[in-house]
Structures are given as C-alpha cells and as structure tokens.
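I opened this entry to record what I looked up in the fold, beginning with the sheet and going on to the helices and the charged pairs.

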Amino acid sequence: MSQDSTAVFVVANLEVNDPVGYRNYEKGFFPLLKRHGGELLTFDDKPTTFEGVSPRPGRVIILKFPSETAATAWYNDADYQALSEHRRGATTLQFLTMVRGLPPR
C-alpha cells in the first residue's frame, strides 16, 4: 500500500496562552488546511484520559488528510510555516503528530 492511498491523521495537544495571538493563527488556518485536502475532525479543550499519564492540559485537535503526502505538504507549506509562528508564540505545544490510518481491507 503506498503512502498516498491511506488517510492520515494529525493530532496536536497545545495550551493556548495568548487567545488574541492564537486567533490570528486560526484566521489563516482553514484556507491552508483546505488547500491540502485536510479537514478538522474535532477538537476538545477538556479531553478525558482513561489510563496512563494525561497530556498537558489544554486543547487536543484531530485533523484528517487524504494521504501522508498531503499532510506533509501542508506542514511544509511556506505559508503554513509563516502562519504557524502565531501558534508558536501563542501556545505551549506538547506534540504535533502524524498517525497513519489503517489501509483498506
């Protein structure tokens, strides 16, 4: 199965420290996400951990992309990297991780 035939998910855990700065990030985020075929599946500001160590308090975000190539292109997009400086300045990031979906069976 090639990396372009299976959906991938990007999971982030961050704490918003500067809501105004983070809004600047959000304003430009969705057009860039759509440019690369991505979609916001959900976010939660108070996730529940059933077992193990809870991630840093804050927001958990789950995005979906049609392929690993699309997710990587989104992250490496020069426009996204410029925009993400707003996120970097306004949040404390625990992780931003790509998870590969199961291939079709």
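Before listing any partners, I noted the rule that I rely on for strand pairing: two strands pair if DSSP finds at least two bridges between them. I also kept in mind that this is a predicted model.

**Entry 1, the sheet.** I looked up the strand order first and found four strands that form an open sheet, arranged β2-β3-β1-β4, with antiparallel pairing. The edges are held by β2 (39-44) and β4 (91-100), each of which has a single partner strand, so one side of each is left without a neighbour in the sheet. From one strand to the next I read an average twist of 15°.

**Entry 2, the partners of β1.** I then followed strand β1, residues 8-16, which is joined to β4 by nine bridges, the two running antiparallel. Between β1 and β3 I counted seven bridges, and these strands also run antiparallel. Which residues are the bridge partners of A12 in β3 and in β4? In β3 the partner is I61, and in β4 the partner is L96. I also noted V16, whose bridge partner in β4 is T91.

**Entry 3, helices on the sheet.** Turning to the helices, I found that α1 (residues 19-35) lies across β1, β2, β3 (59-65) and β4, and that α1 runs at about 15° to β3. Helix α2, residues 68-76, packs on the sheet as well, where α2 touches β1, β3 and β4, and the direction of α2 makes about 155° with that of β4.

**Entry 4, α1 against α3.** I next checked α1 with helix α3 (residues 78-90), and found that they pack at an angle of about 150° with their axes 8 Å apart. Angles over 145 degrees count as roughly antiparallel, and α1 and α3 are therefore roughly antiparallel to each other. The crossing in which α1 passes α3 is left-handed. On the α1 side the contact is made by G21, Y22, N24, Y25, G28, F29, L32 and R35, and on the α3 side by D79, Y80, L83, S84, H86, R87 and A90. Sorting the residues of this contact by class gave me seven nonpolar, five polar and three charged.

**Entry 5, α2 against α3.** For the pair α2 and α3 I recorded a packing angle of about 65° and axes 6 Å apart. Here W74, Y75 and N76 of α2 meet A78, Y80, Q81 and R88 of α3. By class, the contact of α2 with α3 has four nonpolar, two polar and one charged residues.

**Entry 6, charged residues.** I reminded myself that side chains of opposite charge can pair when their charged atoms come close. Searching the whole structure, I found six salt bridges. One of them is formed by R59 with E26, where the closest N and O atoms are 3.5 Å apart. This pair links distant parts of the chain, with R59 in strand β3 and E26 in helix α1, 33 residues apart.

**Entry 7, R35.** Last, I looked at R35, which is found in helix α1. What does R35 contact once its neighbours within four places in sequence are left aside? On that basis R35 is in contact with D77 and D79. I also noted that R35 and A70, 35 residues apart in sequence, are 9.4 Å apart in space, C-alpha to C-alpha.

Methods: Residues numbered from 1 in each chain as written. Predicted model: local features only at pLDDT ≥ 70, side-chain atom pairs only at ≥ 80, totals over all residues. Heavy atoms only, no water. Axes fitted to C-alpha atoms, helices over the stretch in contact; angles between N-to-C directions. Contact = heavy atoms within 4.5 Å. Parallel < 35°, antiparallel > 145°, perpendicular 65-115°, else oblique. Left-handed = near helix turned anticlockwise from the far one by under 90°. Nonpolar A, V, L, I, M, F, W, Y, C, P; charged D, E, K, R; others polar. Salt bridge = Lys/Arg side-chain N within 4 Å of Asp/Glu carboxyl O.
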